[in-house]
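The following exercises introduce a reader to one protein chain. Each task is followed by a solution that proceeds step by step.

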Amino acid sequence: METTSPEPQHRPFSIKLWPPSQNTRLMLVKRMTKNLSCPTIFTRKYGILSEEEAEENAKQIEEAAFATADQHYENEPDGDGSSAVQLYAREGSKLILEVLKRGPRTEDKKVVKPEVVTPSNETEDTKVEKPEAVTPSNETFFDLSKGKRAFIEAEEAQDLLQPLMEQGNSYTKICFSNRSFGLGAAQVAGPVLASLKDQLTEVDLSDFIAGRSEAEAIDVMNIFSNALEGCVLKTLNLSNNALGEKGVRAFSSLLQSQSSLEKLYLMNDGISEEAARAVCELIPSTEKLKVLHFHNNMTGDEGAVAISQVIERSPLLEDFRCSSTRVDNEGGIALAKALRICAHLKKLDLRDNMFGVEAGVLLAKSLARHANLTEIYLSYLNLEDEGAIAIANVLKESAPSLQVLEMAGNEITVEAAPSLAACIVSKPSLTKLVLAENELKDDGAVQISKALEEGHDELKEVDMSANQLRRVGARVLAQAVVHKPAFTLLNLNGNFISDEGIDELKGIFKKSPDMLGPLDENDPEGEDDDDNESVVEDEDNEDGLESKLKDLDVNDED
């Protein structure tokens, strides 16, 4: 019997793209850490994270994105992994944006591990991990937010919450953030929390139902709300839960029982006009409220009107954040009027709304009553020159201890520069000045730099990126800040600085190059604009420049 050799099969050559190497994953973590902790258009808009917090979030994002993509790859093992790589990148980008929108941590959180070390089992290795909670007389904090984001069901909840079940514990603060509680886990947690209601003062339930169906999430929120009803809380954080009106009302038992709240966080909760009305309706008293954060919701004008009613009942308010809430002119006017009552206000953040000029002018009138302001964030409000001038003129006469002034992205031109400069001169404690993405040009930059020349020893950061600056404006700003003892960063990116101007900047910061921000988005060709050269006839004429600067007078007199 004849045998024939099988013809060799020619398989196409392919390269497996998945999984990525460990070095690739580590490199991605480093890149994400930089995106979260360095000045970018997004960190300027939502807030910059510390390097430690950025690295922690970057690791969690990478792990979550990898797990999602790896699961996808298992379902297509014969592929080259390209779709998994794309999913890996998409998930990473999505999660980075979520972290940015959530903003930096509102408070420093201590880590208390579920297993409490007692004197009977303490060793030299465990001694350093002993939480303050061991001493009954000390205020203690039970925190589940560290570690990987995870779903929690009944059995795991029983183990994790064991320290809260111990007789005589003295926990007054709890944080269940970053863990998703299912119905079974909530049924375990409910009685535990109910047993602590007489001692709890701070409760953080942010991001604790992620990935659950709406029906299950509502049931979980109802259980937690009923268990905590009657607690005399000072701090309540319900952020990052996509509450909507149904979610707000699921917490009605808890909210209606609160009359001593000092801090309330409702950020990134999908709070619409109806949900905002529910908040106003369900919280009976905000007379002691000092902090109200309402960032990244879809509140709109009518919702802002409801929130303004909460503000009007909060005379002790010190820190109000209502950024990225889709508020236009009508809602901006309501908020501006309501803020008049808050004489104790120290920090105000209204960024990324469309207030417009009219609301900006009314806001200026309210700011006249806020002598204690230390931080004010008014970027991307469509203020234009009229609104910016009104606010700068009022701030010049008030808020003597102002440390942070942000007015980026407001279409501010050189017309408003004298008022801004006069305001800056009157603020010797200023640590951060952000006027990015305006149209101040060289004339405006010269006036701002003149205002910064004298004093301002605490100044750390100036952002004049994307202001159509050329060589002159960039140079005078650099010379104004380079010798400040506390200075750390000058951002001039996205301008029209010539190559010679770039070299000049690098020379000015030769001894401290890290103080000069990246210039990768600078366009040396820039737009032609004859008006932009009005400060000096010849950029290379140093004597002419010095003469102009000497003649420029910026003071705090009308």
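**Exercise 1. Determine whether S272 is buried or exposed, and describe its surroundings.**

Solution. Step 1: S272 has a relative accessibility of 16% and therefore counts as buried; buried means under 20% relative accessible area, exposed over 50%, and partly exposed in between, with a 1.4 Å probe and protein chains only. The model is a predicted one, in which local features need pLDDT of at least 70 and side-chain atom pairs count only at pLDDT 80 or more, while totals for chains, interfaces and linings use all residues. Residues are numbered from 1 along each chain as its sequence is written, and side-chain values use heavy atoms, with hydrogens and water left out.

Step 2: S272 belongs to the loop between β7 (263-265) and α12 (273-282). Helices (H or I, at least four residues) and strands (E, at least two) are DSSP runs numbered from the N terminus.

Step 3: Not counting residues up to four places away in sequence, S272 touches M298 and T299, where contact means heavy atoms within 4.5 Å. The C-alpha atoms of S272 and A304 are separated by 9.6 Å, and these two residues are 32 apart along the chain.

**Exercise 2. State how many helices and strands the chain has, and what percentage of its residues count as buried.**

Solution. Step 1: There are 21 helices and 15 strands in the chain.

Step 2: The chain comprises 558 residues, of which 52% count as buried.

Step 3: Among contacts in the chain with a separation of 6 or more, 85% are accounted for by residues 24 or more positions apart.

**Exercise 3. Identify which residues touch the most other members of the largest nonpolar core, and trace the contacts of F224 and F251.**

Solution. Step 1: A nonpolar core is a set of buried Ala, Val, Leu, Ile, Met, Phe, Trp, Tyr and Cys residues joined through side-chain atoms within 4.5 Å. The largest nonpolar core has 129 residues, and F176, F224 and F320 touch the most other members.

Step 2: Leaving aside neighbours within four places in sequence, the contacts of F224 include F176, F181, A186 and F251. A second, separate core of eleven residues includes L49, A54, L95 and I96.

Step 3: F251 lies in the loop between α10 (244-250) and α11 (252-256). With a relative accessible area of 0%, F251 is buried. Apart from neighbours within four places in sequence, F251 is in contact with L205, F208, M221, F224, S225, L238 and L243.

Step 4: As general background, nonpolar side chains tend to be buried together in soluble globular proteins.

**Exercise 4. Describe how α1 and α3 each pack with α4.**

Solution. Step 1: Helix α1 (residues 22-37) packs with helix α4 (residues 82-102) at an angle of about 30°, and their axes are 11 Å apart. Axes are lines fitted to C-alpha atoms, for helices over the stretch in contact, and angles run from 0 to 180 degrees between N-to-C directions.

Step 2: This angle makes α1 roughly parallel to α4; angles under 35 degrees count as roughly parallel, over 145 as roughly antiparallel, 65 to 115 as roughly perpendicular and the rest as oblique.

Step 3: From α1, R25, L28, M32 and L36 meet Y88, I96, V99 and L100 of α4. By class, this contact of α1 with α4 has seven nonpolar, no polar and one charged residues. Ala, Val, Leu, Ile, Met, Phe, Trp, Tyr, Cys and Pro count as nonpolar, Asp, Glu, Lys and Arg as charged, and the others, Gly among them, as polar.

Step 4: The axes of helix α3 (residues 51-74) and α4 come within 8 Å and cross at roughly 150°. The contact of α3 with α4 has twelve nonpolar, five polar and three charged residues.

**Exercise 5. Establish how many residues of α17 are buried, and what covers them.**

Solution. Step 1: Helix α17 (residues 417-425) is mostly covered, with seven of its nine residues buried.

Step 2: The buried residues of α17 are A417, S419, L420, A421, A422, C423 and I424.

Step 3: Their cover includes α16 (384-397), β12 (404-406), β13 (432-434) and α18.

**Exercise 6. Find the sign of phi in N240 and N268.**

Solution. Step 1: N240 is not a glycine, yet its phi is positive, about 60°. N240 is found in the loop between β6 (235-237) and α10.

Step 2: Phi of N268 is also positive, near 55°, in a residue other than glycine. N268 lies in the loop between β7 and α12.

Step 3: In general, most residues other than glycine have a negative phi.
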